[in-house]
Amino acid sequence: MPHILIVEDETIIRSALRRLLERNQYQVSEAGSVQEAQERFSIPTFDLIVSDLRLPGAPGTELIKLGQGTPVLIMTSYASLRSAVDSMKMGAVDYIAKPFDHDEMLQAVARILRDRQTATSQPSEPTNGKVAAGKAGASNSNGEIGIIGSCPPMQDLYVKIRKVAPTDSNVLIQGESGTGKELVARALHNLSRRAKAPMISVNCAAIPESLIESELFGHEKGAFTGASAGRAGLVEAADGGTLFLDEIGELPLEAQARLLRVLQEGEIRRVGSVQSQKVDVRLIAATHRDLKSLAKIGQFREDLYYRLHVIALKLPPLRERGADVNEIANAFLARQSARINRTDLKFAPDAEQAIRHYAWPGNVRELENAVERAVILSESPEISADLLGIDIELSDLDDEEFIGLAPQQGGAANNTSHEPTEDLSLEDYFQHFVLEHQDHMTETELARKLGVSRKCLWERRQRLGIPRRKTGATSES
(Lines give C-alpha, C1' and ligand atoms only; values in the text may rest on other atoms or scores of the structure.)
Protein backbone atom coordinates (compact mmCIF):
# COMPACT_ATOMS: atom_id res chain seq x y z
CA MET A 1 0.00 0.00 0.00
CA PRO A 2 1.56 3.36 -1.03
CA HIS A 3 2.50 5.61 1.90
CA ILE A 4 1.72 9.31 1.40
CA LEU A 5 2.80 12.26 3.56
CA ILE A 6 0.47 15.28 3.74
CA VAL A 7 2.04 18.56 4.86
CA GLU A 8 -0.67 21.21 5.32
CA ASP A 9 -1.08 23.77 8.12
CA GLU A 10 -4.87 24.10 7.79
CA THR A 11 -6.32 21.30 9.92
CA ILE A 12 -9.64 21.06 8.06
CA ILE A 13 -7.98 20.65 4.67
CA ARG A 14 -5.39 18.22 6.04
CA SER A 15 -8.02 16.02 7.70
CA ALA A 16 -10.30 16.01 4.65
CA LEU A 17 -7.42 15.09 2.37
CA ARG A 18 -6.32 12.33 4.72
CA ARG A 19 -9.82 10.81 4.76
CA LEU A 20 -10.05 11.02 0.97
CA LEU A 21 -6.75 9.19 0.46
CA GLU A 22 -7.41 6.58 3.16
CA ARG A 23 -10.81 5.78 1.62
CA ASN A 24 -8.96 5.05 -1.61
CA GLN A 25 -6.59 2.53 -0.03
CA TYR A 26 -3.57 4.75 0.66
CA GLN A 27 -1.60 4.79 3.92
CA VAL A 28 -1.37 8.39 5.10
CA SER A 29 0.74 10.36 7.58
CA GLU A 30 0.40 14.08 8.18
CA ALA A 31 2.22 17.11 9.48
CA GLY A 32 1.44 20.80 9.85
CA SER A 33 4.83 22.14 8.72
CA VAL A 34 8.13 21.13 7.16
CA GLN A 35 9.78 21.24 10.58
CA GLU A 36 7.16 18.93 12.10
CA ALA A 37 7.54 16.53 9.17
CA GLN A 38 11.31 16.44 9.73
CA GLU A 39 10.94 15.81 13.45
CA ARG A 40 8.33 13.05 13.18
CA PHE A 41 9.21 11.15 10.00
CA SER A 42 12.00 9.91 7.77
CA ILE A 43 10.85 11.90 4.74
CA PRO A 44 12.64 9.89 2.00
CA THR A 45 10.77 6.70 3.03
CA PHE A 46 7.42 7.99 1.67
CA ASP A 47 6.15 7.12 -1.80
CA LEU A 48 4.67 10.59 -2.32
CA ILE A 49 4.57 13.94 -0.52
CA VAL A 50 1.52 16.19 -0.94
CA SER A 51 2.34 19.62 0.46
CA ASP A 52 0.86 23.08 0.57
CA LEU A 53 3.18 25.69 -0.92
CA ARG A 54 2.74 28.29 1.81
CA LEU A 55 3.52 26.85 5.24
CA PRO A 56 4.61 28.37 8.56
CA GLY A 57 8.39 28.46 8.63
CA ALA A 58 9.85 26.85 5.53
CA PRO A 59 7.83 26.63 2.29
CA GLY A 60 6.63 23.30 0.94
CA THR A 61 9.33 23.35 -1.74
CA GLU A 62 11.88 22.53 0.98
CA LEU A 63 10.46 18.99 0.93
CA ILE A 64 11.80 18.51 -2.61
CA LYS A 65 15.35 18.49 -1.27
CA LEU A 66 14.47 16.67 1.96
CA GLY A 67 12.62 13.95 0.06
CA GLN A 68 15.80 12.90 -1.78
CA GLY A 69 13.95 11.84 -4.90
CA THR A 70 10.49 11.27 -3.40
CA PRO A 71 7.97 12.99 -5.73
CA VAL A 72 6.39 16.13 -4.29
CA LEU A 73 2.92 17.32 -5.37
CA ILE A 74 2.45 21.00 -4.52
CA MET A 75 -0.97 22.42 -3.57
CA THR A 76 -1.60 26.11 -4.11
CA SER A 77 -4.39 28.63 -4.58
CA TYR A 78 -5.02 30.00 -8.06
CA ALA A 79 -3.75 33.39 -6.88
CA SER A 80 -0.35 31.77 -6.24
CA LEU A 81 -0.27 29.80 -9.47
CA ARG A 82 2.94 31.40 -10.66
CA SER A 83 4.65 30.37 -7.43
CA ALA A 84 3.52 26.82 -8.06
CA VAL A 85 5.11 26.95 -11.50
CA ASP A 86 8.31 28.17 -9.87
CA SER A 87 8.14 25.18 -7.53
CA MET A 88 8.04 22.84 -10.54
CA LYS A 89 11.23 24.43 -11.79
CA MET A 90 12.72 23.56 -8.40
CA GLY A 91 11.81 19.90 -8.87
CA ALA A 92 8.20 19.41 -7.80
CA VAL A 93 6.63 16.68 -9.90
CA ASP A 94 3.34 18.54 -10.36
CA TYR A 95 1.03 21.10 -8.80
CA ILE A 96 -2.70 21.23 -8.13
CA ALA A 97 -4.67 24.44 -7.70
CA LYS A 98 -7.07 24.94 -4.80
CA PRO A 99 -9.95 24.43 -4.64
CA PHE A 100 -9.65 21.03 -6.31
CA ASP A 101 -12.29 18.32 -6.51
CA HIS A 102 -11.70 14.84 -5.16
CA ASP A 103 -11.21 13.16 -8.52
CA GLU A 104 -8.67 15.74 -9.63
CA MET A 105 -6.55 14.97 -6.58
CA LEU A 106 -6.99 11.19 -6.86
CA GLN A 107 -6.06 11.22 -10.54
CA ALA A 108 -2.92 13.26 -9.85
CA VAL A 109 -1.86 10.97 -6.99
CA ALA A 110 -2.50 7.79 -9.00
CA ARG A 111 -0.62 9.16 -12.00
CA ILE A 112 2.44 10.19 -9.97
CA LEU A 113 2.61 6.87 -8.11
CA ARG A 114 2.17 4.93 -11.35
CA ASP A 115 4.98 6.89 -13.03
CA ARG A 116 7.23 6.34 -10.00
CA GLN A 117 6.55 2.60 -10.00
CA THR A 118 7.26 2.38 -13.72
CA ALA A 119 10.53 4.26 -13.34
CA THR A 120 11.56 2.02 -10.41
CA SER A 121 10.63 -1.30 -11.99
CA GLN A 122 12.02 -0.52 -15.45
CA PRO A 123 15.15 1.59 -14.96
CA SER A 124 16.64 0.45 -18.26
CA GLU A 125 13.53 1.22 -20.29
CA PRO A 126 13.04 4.61 -21.93
CA THR A 127 10.58 6.63 -19.86
CA ASN A 128 9.46 9.08 -22.51
CA GLY A 129 6.01 7.53 -22.54
CA LYS A 130 6.20 6.04 -26.04
CA VAL A 131 4.59 2.65 -26.49
CA ALA A 132 5.31 0.23 -29.30
CA ALA A 133 2.34 -0.26 -31.60
CA GLY A 134 2.10 -3.97 -30.89
CA LYS A 135 2.41 -3.67 -27.15
CA ALA A 136 -1.17 -2.64 -26.44
CA GLY A 137 -4.24 -3.19 -28.56
CA ALA A 138 -6.73 -0.47 -29.33
CA SER A 139 -9.06 -1.82 -26.67
CA ASN A 140 -6.59 -1.15 -23.89
CA SER A 141 -8.53 1.83 -22.61
CA ASN A 142 -7.31 1.35 -19.04
CA GLY A 143 -3.67 1.01 -20.03
CA GLU A 144 -1.37 3.86 -20.98
CA ILE A 145 -4.27 5.92 -22.36
CA GLY A 146 -5.98 6.02 -18.96
CA ILE A 147 -9.55 6.43 -20.27
CA ILE A 148 -12.41 3.98 -19.72
CA GLY A 149 -14.42 2.88 -22.74
CA SER A 150 -14.27 0.58 -25.74
CA CYS A 151 -17.01 1.76 -28.13
CA PRO A 152 -15.97 2.28 -31.79
CA PRO A 153 -15.59 6.10 -31.54
CA MET A 154 -13.32 5.70 -28.49
CA GLN A 155 -11.32 2.93 -30.15
CA ASP A 156 -10.74 5.29 -33.05
CA LEU A 157 -9.73 8.03 -30.61
CA TYR A 158 -7.17 5.74 -28.90
CA VAL A 159 -5.58 4.95 -32.26
CA LYS A 160 -5.31 8.66 -33.07
CA ILE A 161 -3.85 9.47 -29.64
CA ARG A 162 -1.09 6.89 -30.13
CA LYS A 163 -0.31 8.25 -33.60
CA VAL A 164 -0.37 11.91 -32.61
CA ALA A 165 1.31 11.76 -29.17
CA PRO A 166 4.92 11.16 -30.37
CA THR A 167 4.77 14.20 -32.67
CA ASP A 168 5.11 17.87 -31.76
CA SER A 169 2.01 18.90 -33.70
CA ASN A 170 -0.51 21.21 -32.07
CA VAL A 171 -3.72 19.43 -31.09
CA LEU A 172 -7.24 20.79 -30.70
CA ILE A 173 -9.52 18.61 -28.55
CA GLN A 174 -13.21 19.23 -29.14
CA GLY A 175 -16.08 17.93 -27.08
CA GLU A 176 -18.96 18.87 -24.84
CA SER A 177 -18.35 19.95 -21.27
CA GLY A 178 -17.66 17.00 -19.00
CA THR A 179 -16.49 14.54 -21.67
CA GLY A 180 -12.91 14.26 -20.36
CA LYS A 181 -10.87 16.54 -22.64
CA GLU A 182 -8.11 16.98 -20.05
CA LEU A 183 -7.71 13.20 -19.78
CA VAL A 184 -6.99 13.12 -23.52
CA ALA A 185 -4.49 15.96 -23.15
CA ARG A 186 -2.77 14.11 -20.29
CA ALA A 187 -2.57 10.93 -22.39
CA LEU A 188 -1.02 12.87 -25.29
CA HIS A 189 1.60 14.32 -22.93
CA ASN A 190 2.39 11.04 -21.15
CA LEU A 191 2.90 9.21 -24.46
CA SER A 192 5.11 11.94 -25.93
CA ARG A 193 8.86 12.50 -25.80
CA ARG A 194 8.07 15.39 -23.45
CA ALA A 195 6.64 13.14 -20.73
CA LYS A 196 9.50 13.88 -18.31
CA ALA A 197 8.94 17.63 -18.65
CA PRO A 198 5.97 19.38 -17.03
CA MET A 199 2.50 19.61 -18.48
CA ILE A 200 1.10 22.99 -17.47
CA SER A 201 -2.72 23.08 -17.47
CA VAL A 202 -4.52 26.41 -17.68
CA ASN A 203 -8.28 26.96 -17.68
CA CYS A 204 -8.61 30.11 -19.76
CA ALA A 205 -12.12 30.73 -18.40
CA ALA A 206 -10.94 30.72 -14.77
CA ILE A 207 -8.38 33.54 -14.96
CA PRO A 208 -9.63 37.15 -14.98
CA GLU A 209 -9.22 38.82 -18.37
CA SER A 210 -7.05 41.56 -16.84
CA LEU A 211 -4.53 38.97 -15.62
CA ILE A 212 -4.52 36.43 -18.43
CA GLU A 213 -1.61 37.95 -20.43
CA SER A 214 0.55 38.32 -17.34
CA GLU A 215 -0.25 34.77 -16.20
CA LEU A 216 0.50 33.24 -19.58
CA PHE A 217 3.46 35.27 -20.74
CA GLY A 218 4.91 36.73 -17.53
CA HIS A 219 5.77 40.34 -16.76
CA GLU A 220 8.69 42.58 -15.91
CA LYS A 221 9.08 44.60 -12.72
CA GLY A 222 6.99 47.76 -12.93
CA ALA A 223 5.02 46.61 -15.98
CA PHE A 224 1.80 47.51 -14.15
CA THR A 225 0.62 48.58 -10.71
CA GLY A 226 1.59 45.92 -8.20
CA ALA A 227 4.28 44.31 -10.36
CA SER A 228 6.99 44.64 -7.72
CA ALA A 229 9.14 41.92 -9.30
CA GLY A 230 9.51 40.17 -12.63
CA ARG A 231 7.66 36.88 -13.06
CA ALA A 232 7.86 34.03 -15.55
CA GLY A 233 4.57 33.10 -17.19
CA LEU A 234 2.96 29.71 -17.62
CA VAL A 235 4.12 29.40 -21.24
CA GLU A 236 7.69 29.90 -20.10
CA ALA A 237 7.17 27.38 -17.29
CA ALA A 238 6.08 24.79 -19.87
CA ASP A 239 9.34 25.19 -21.82
CA GLY A 240 10.41 21.74 -22.96
CA GLY A 241 7.02 20.29 -22.06
CA THR A 242 3.35 20.67 -22.88
CA LEU A 243 1.00 23.63 -22.42
CA PHE A 244 -2.65 22.62 -22.13
CA LEU A 245 -5.09 25.49 -22.63
CA ASP A 246 -8.59 24.40 -21.64
CA GLU A 247 -11.55 26.44 -22.90
CA ILE A 248 -9.31 28.32 -25.32
CA GLY A 249 -12.42 29.88 -26.85
CA GLU A 250 -12.56 32.16 -23.79
CA LEU A 251 -9.09 33.62 -24.46
CA PRO A 252 -9.21 37.42 -25.13
CA LEU A 253 -8.19 38.56 -28.63
CA GLU A 254 -5.08 40.37 -27.32
CA ALA A 255 -3.81 37.20 -25.65
CA GLN A 256 -4.64 35.25 -28.83
CA ALA A 257 -2.27 37.49 -30.77
CA ARG A 258 0.53 36.80 -28.29
CA LEU A 259 -0.18 33.07 -28.38
CA LEU A 260 -0.03 33.10 -32.18
CA ARG A 261 3.52 34.50 -31.94
CA VAL A 262 4.47 31.60 -29.68
CA LEU A 263 3.20 29.12 -32.27
CA GLN A 264 4.67 30.91 -35.30
CA GLU A 265 8.03 32.05 -33.95
CA GLY A 266 8.56 29.85 -30.90
CA GLU A 267 9.19 32.86 -28.69
CA ILE A 268 7.49 34.99 -26.04
CA ARG A 269 7.83 38.52 -24.74
CA ARG A 270 6.88 39.27 -21.16
CA VAL A 271 4.44 42.08 -20.47
CA GLY A 272 6.47 45.30 -20.16
CA SER A 273 9.57 43.85 -21.85
CA VAL A 274 11.16 44.71 -25.20
CA GLN A 275 13.18 41.49 -25.31
CA SER A 276 11.87 38.22 -26.74
CA GLN A 277 13.02 34.79 -25.64
CA LYS A 278 12.76 31.39 -27.28
CA VAL A 279 10.50 28.67 -25.85
CA ASP A 280 10.00 25.06 -26.89
CA VAL A 281 6.39 24.27 -26.08
CA ARG A 282 3.88 21.84 -27.50
CA LEU A 283 0.38 23.30 -27.38
CA ILE A 284 -2.72 21.24 -26.73
CA ALA A 285 -5.96 23.22 -26.65
CA ALA A 286 -9.50 22.17 -25.77
CA THR A 287 -12.90 23.74 -26.23
CA HIS A 288 -16.59 22.93 -26.18
CA ARG A 289 -17.28 25.83 -28.54
CA ASP A 290 -17.22 25.99 -32.36
CA LEU A 291 -14.03 27.99 -32.94
CA LYS A 292 -14.57 28.16 -36.70
CA SER A 293 -17.93 29.88 -36.18
CA LEU A 294 -16.39 32.21 -33.59
CA ALA A 295 -13.67 33.11 -36.10
CA LYS A 296 -16.28 34.01 -38.72
CA ILE A 297 -17.89 36.56 -36.40
CA GLY A 298 -14.58 37.98 -35.20
CA GLN A 299 -14.59 36.52 -31.69
CA PHE A 300 -11.62 34.23 -32.37
CA ARG A 301 -8.60 34.84 -34.58
CA GLU A 302 -8.90 32.88 -37.80
CA ASP A 303 -5.11 32.55 -38.19
CA LEU A 304 -4.85 31.13 -34.65
CA TYR A 305 -7.68 28.71 -35.36
CA TYR A 306 -5.83 27.23 -38.34
CA ARG A 307 -2.61 27.06 -36.31
CA LEU A 308 -4.42 25.11 -33.60
CA HIS A 309 -6.35 22.91 -35.99
CA VAL A 310 -3.34 20.89 -37.19
CA ILE A 311 -4.72 17.80 -35.48
CA ALA A 312 -8.34 17.78 -34.25
CA LEU A 313 -9.55 15.10 -31.86
CA LYS A 314 -13.28 14.80 -31.25
CA LEU A 315 -14.52 13.37 -27.96
CA PRO A 316 -17.98 11.85 -28.35
CA PRO A 317 -20.63 12.77 -25.77
CA LEU A 318 -21.57 10.06 -23.31
CA ARG A 319 -24.97 9.50 -24.95
CA GLU A 320 -23.20 8.28 -28.10
CA ARG A 321 -20.85 5.84 -26.39
CA GLY A 322 -23.22 2.88 -26.06
CA ALA A 323 -22.30 0.36 -23.35
CA ASP A 324 -19.35 2.53 -22.23
CA VAL A 325 -21.72 4.45 -19.99
CA ASN A 326 -22.39 1.36 -17.88
CA GLU A 327 -18.69 0.52 -17.69
CA ILE A 328 -17.90 4.04 -16.51
CA ALA A 329 -20.81 3.99 -14.04
CA ASN A 330 -19.54 0.74 -12.52
CA ALA A 331 -16.06 2.21 -12.18
CA PHE A 332 -17.52 5.21 -10.33
CA LEU A 333 -19.61 2.86 -8.19
CA ALA A 334 -16.51 0.91 -7.15
CA ARG A 335 -14.65 4.11 -6.31
CA GLN A 336 -17.49 5.67 -4.33
CA SER A 337 -18.22 2.38 -2.51
CA ALA A 338 -14.58 2.20 -1.39
CA ARG A 339 -14.85 5.71 0.03
CA ILE A 340 -17.59 4.65 2.45
CA ASN A 341 -16.20 1.13 3.00
CA ARG A 342 -19.10 -0.74 1.37
CA THR A 343 -18.59 -3.78 -0.85
CA ASP A 344 -22.21 -4.86 -1.33
CA LEU A 345 -23.51 -2.10 -3.60
CA LYS A 346 -24.62 -2.78 -7.16
CA PHE A 347 -27.01 -1.28 -9.70
CA ALA A 348 -30.52 -2.73 -9.94
CA PRO A 349 -31.66 -3.80 -13.44
CA ASP A 350 -33.81 -0.68 -13.84
CA ALA A 351 -30.82 1.47 -12.89
CA GLU A 352 -28.61 -0.29 -15.47
CA GLN A 353 -31.24 0.38 -18.13
CA ALA A 354 -31.73 3.99 -17.07
CA ILE A 355 -27.98 4.64 -17.08
CA ARG A 356 -27.68 3.22 -20.57
CA HIS A 357 -30.56 5.18 -22.12
CA TYR A 358 -30.47 8.54 -20.32
CA ALA A 359 -29.03 11.34 -22.49
CA TRP A 360 -26.50 12.60 -19.85
CA PRO A 361 -26.36 16.25 -20.97
CA GLY A 362 -23.63 16.84 -18.37
CA ASN A 363 -21.70 13.81 -19.68
CA VAL A 364 -19.21 12.00 -17.43
CA ARG A 365 -19.30 14.71 -14.79
CA GLU A 366 -23.08 14.37 -14.41
CA LEU A 367 -22.82 10.57 -14.29
CA GLU A 368 -20.21 10.72 -11.56
CA ASN A 369 -22.31 13.09 -9.46
CA ALA A 370 -25.38 10.86 -9.88
CA VAL A 371 -23.48 7.75 -8.76
CA GLU A 372 -21.88 9.54 -5.81
CA ARG A 373 -25.27 10.82 -4.63
CA ALA A 374 -26.85 7.37 -5.00
CA VAL A 375 -24.05 5.66 -3.05
CA ILE A 376 -24.35 8.14 -0.20
CA LEU A 377 -28.16 7.82 0.01
CA SER A 378 -28.43 4.07 -0.58
CA GLU A 379 -29.93 2.02 2.24
CA SER A 380 -30.07 -1.33 0.43
CA PRO A 381 -27.42 -3.18 -1.61
CA GLU A 382 -29.23 -2.45 -4.88
CA ILE A 383 -29.19 1.10 -6.26
CA SER A 384 -32.44 1.87 -8.09
CA ALA A 385 -33.05 4.22 -11.00
CA ASP A 386 -35.00 6.54 -8.68
CA LEU A 387 -32.00 6.85 -6.38
CA LEU A 388 -29.85 7.96 -9.31
CA GLY A 389 -32.29 10.80 -9.94
CA ILE A 390 -32.39 10.16 -13.68
CA ASP A 391 -35.29 11.93 -15.38
CA ILE A 392 -36.33 9.25 -17.87
CA GLU A 393 -39.41 7.11 -18.42
CA LEU A 394 -38.14 3.55 -18.85
CA SER A 395 -41.46 2.50 -20.40
CA ASP A 396 -40.68 4.81 -23.31
CA LEU A 397 -37.80 2.54 -24.23
CA ASP A 398 -39.94 -0.55 -24.95
CA ASP A 399 -39.50 -1.68 -28.55
CA GLU A 400 -43.26 -1.99 -29.09
CA GLU A 401 -43.50 1.80 -28.73
CA PHE A 402 -41.36 2.25 -31.84
CA ILE A 403 -42.84 -0.41 -34.13
CA GLY A 404 -44.90 1.11 -36.95
CA LEU A 405 -43.50 4.61 -36.39
CA ALA A 406 -44.96 6.81 -39.12
CA PRO A 407 -42.42 8.33 -41.51
CA GLN A 408 -41.90 12.05 -40.99
CA GLN A 409 -42.53 14.56 -43.74
CA GLY A 410 -39.57 14.49 -46.06
CA GLY A 411 -38.21 11.35 -44.38
CA ALA A 412 -36.06 9.15 -46.54
CA ALA A 413 -37.42 5.84 -45.27
CA ASN A 414 -39.63 5.39 -48.33
CA ASN A 415 -36.53 4.60 -50.35
CA THR A 416 -36.62 0.81 -50.25
CA SER A 417 -33.40 0.35 -52.18
CA HIS A 418 -30.65 -1.05 -49.97
CA GLU A 419 -27.91 -0.34 -52.49
CA PRO A 420 -25.33 2.09 -51.16
CA THR A 421 -24.83 5.29 -53.10
CA GLU A 422 -21.62 7.20 -53.63
CA ASP A 423 -20.67 10.03 -51.31
CA LEU A 424 -23.01 9.08 -48.47
CA SER A 425 -23.57 11.65 -45.77
CA LEU A 426 -23.56 10.47 -42.15
CA GLU A 427 -27.36 10.47 -42.07
CA ASP A 428 -27.52 8.61 -45.40
CA TYR A 429 -25.08 6.03 -44.09
CA PHE A 430 -27.11 5.63 -40.90
CA GLN A 431 -30.32 5.11 -42.85
CA HIS A 432 -28.75 2.64 -45.29
CA PHE A 433 -27.14 0.61 -42.50
CA VAL A 434 -30.35 0.37 -40.46
CA LEU A 435 -32.50 -0.60 -43.45
CA GLU A 436 -30.00 -3.23 -44.52
CA HIS A 437 -29.46 -4.89 -41.15
CA GLN A 438 -32.58 -4.35 -39.02
CA ASP A 439 -34.24 -7.59 -40.24
CA HIS A 440 -31.55 -9.78 -38.69
CA MET A 441 -30.11 -7.60 -35.89
CA THR A 442 -31.58 -6.44 -32.61
CA GLU A 443 -31.73 -2.76 -31.70
CA THR A 444 -28.88 -3.28 -29.24
CA GLU A 445 -26.73 -4.87 -31.94
CA LEU A 446 -27.55 -2.10 -34.43
CA ALA A 447 -26.66 0.59 -31.86
CA ARG A 448 -23.39 -1.16 -30.97
CA LYS A 449 -22.34 -1.46 -34.63
CA LEU A 450 -23.16 2.20 -35.24
CA GLY A 451 -21.32 3.27 -32.08
CA VAL A 452 -24.34 5.01 -30.55
CA SER A 453 -26.63 4.37 -27.60
CA ARG A 454 -29.93 2.56 -28.08
CA LYS A 455 -31.80 5.73 -27.16
CA CYS A 456 -29.79 7.68 -29.76
CA LEU A 457 -30.71 5.05 -32.36
CA TRP A 458 -34.39 5.49 -31.48
CA GLU A 459 -34.12 9.30 -31.69
CA ARG A 460 -32.50 9.10 -35.14
CA ARG A 461 -35.19 6.70 -36.30
CA GLN A 462 -37.75 9.32 -35.30
CA ARG A 463 -35.90 12.15 -36.99
CA LEU A 464 -35.34 10.26 -40.25
CA GLY A 465 -38.72 8.52 -40.24
CA ILE A 466 -37.38 4.95 -40.25
CA PRO A 467 -39.97 2.68 -38.55
CA ARG A 468 -39.11 -0.53 -36.73
CA ARG A 469 -40.22 -3.67 -38.52
CA LYS A 470 -41.98 -6.12 -36.26
CA THR A 471 -40.08 -9.35 -36.82
CA GLY A 472 -38.84 -12.08 -34.55
CA ALA A 473 -35.24 -11.08 -35.17
CA THR A 474 -35.67 -7.55 -33.88
CA SER A 475 -37.28 -8.27 -30.55
CA GLU A 476 -35.00 -7.87 -27.56
CA SER A 477 -34.71 -10.74 -25.14
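Arg14, Arg18, Glu22 and Glu30 are tied together in a network of salt bridges, and that network is where I'd like to start, everyone. Please keep in mind that we are looking at a predicted model.

Let's take Arg18 as our way in. One of its partners is Glu22, and the closest N and O atoms of that salt bridge lie 2.9 Å apart. Where do these two sit relative to each other? Both belong to helix α1, which covers residues 11–23, and because they are four residues apart there, about one helical turn separates them. So if you rotate the view to look along helix α1, look for Glu22 and Arg18 about one turn from each other.

Now to another partner of Arg18, which is Glu30. Here too there is a salt bridge, with the closest N and O atoms at 2.9 Å. This pair links distant parts of the chain: Glu30 is in strand β2, residues 27–31, while Arg18 is in helix α1, and their positions lie twelve residues apart in the numbering.

How accessible are these side chains, then: buried, partly exposed or exposed? Glu30 has a relative accessible area of 16%, so it counts as buried, the cut-off being under 20%. Arg18 comes in at 27% relative accessibility, which makes it partly exposed. Glu22 is partly exposed as well, with a value of 36%. So the network includes a buried Glu30 along with a partly exposed Arg18 and a partly exposed Glu22.

Stepping back for a moment, how many salt bridges turn up in a search of the whole structure? The count is 22.

Let me show you one more pair, much further along the numbering. Glu267 forms a salt bridge with Arg261, and their closest N and O atoms are 2.2 Å apart. Glu267 is buried, at 14% relative accessible area, whereas Arg261 is partly exposed at 35%.

Before I hand over, a quick stop away from the charged residues, at Leu66. You'll find Leu66 in helix α3, which spans residues 62–66. With a relative accessibility of 23%, Leu66 counts as partly exposed. Which residues does Leu66 touch, once we set aside its neighbours within four places in sequence? They are Val34, Gln38, Ile43 and Pro44. Take Gln38 from that list: Leu66 and Gln38 are 28 residues apart along the chain, and their C-alpha atoms are separated by 8.4 Å.

That's my tour, friends, and I'm happy to go back to any of these spots on the screen.

Definitions and conventions. Residues are numbered from 1 along each chain as its sequence is written. This is a predicted model: local features need pLDDT of at least 70, side-chain atom pairs count only at pLDDT 80 or more; totals for chains, interfaces and linings use all residues. Side-chain values use heavy atoms; hydrogens and water are left out. Helices (H or I, at least four residues) and strands (E, at least two) are DSSP runs, numbered from the N terminus. Buried means under 20% relative accessible area, exposed over 50%, partly exposed in between (1.4 Å probe, protein chains only). Contact means heavy atoms within 4.5 Å. A salt bridge is a side-chain nitrogen of Lys or Arg within 4 Å of a carboxyl oxygen of Asp or Glu.
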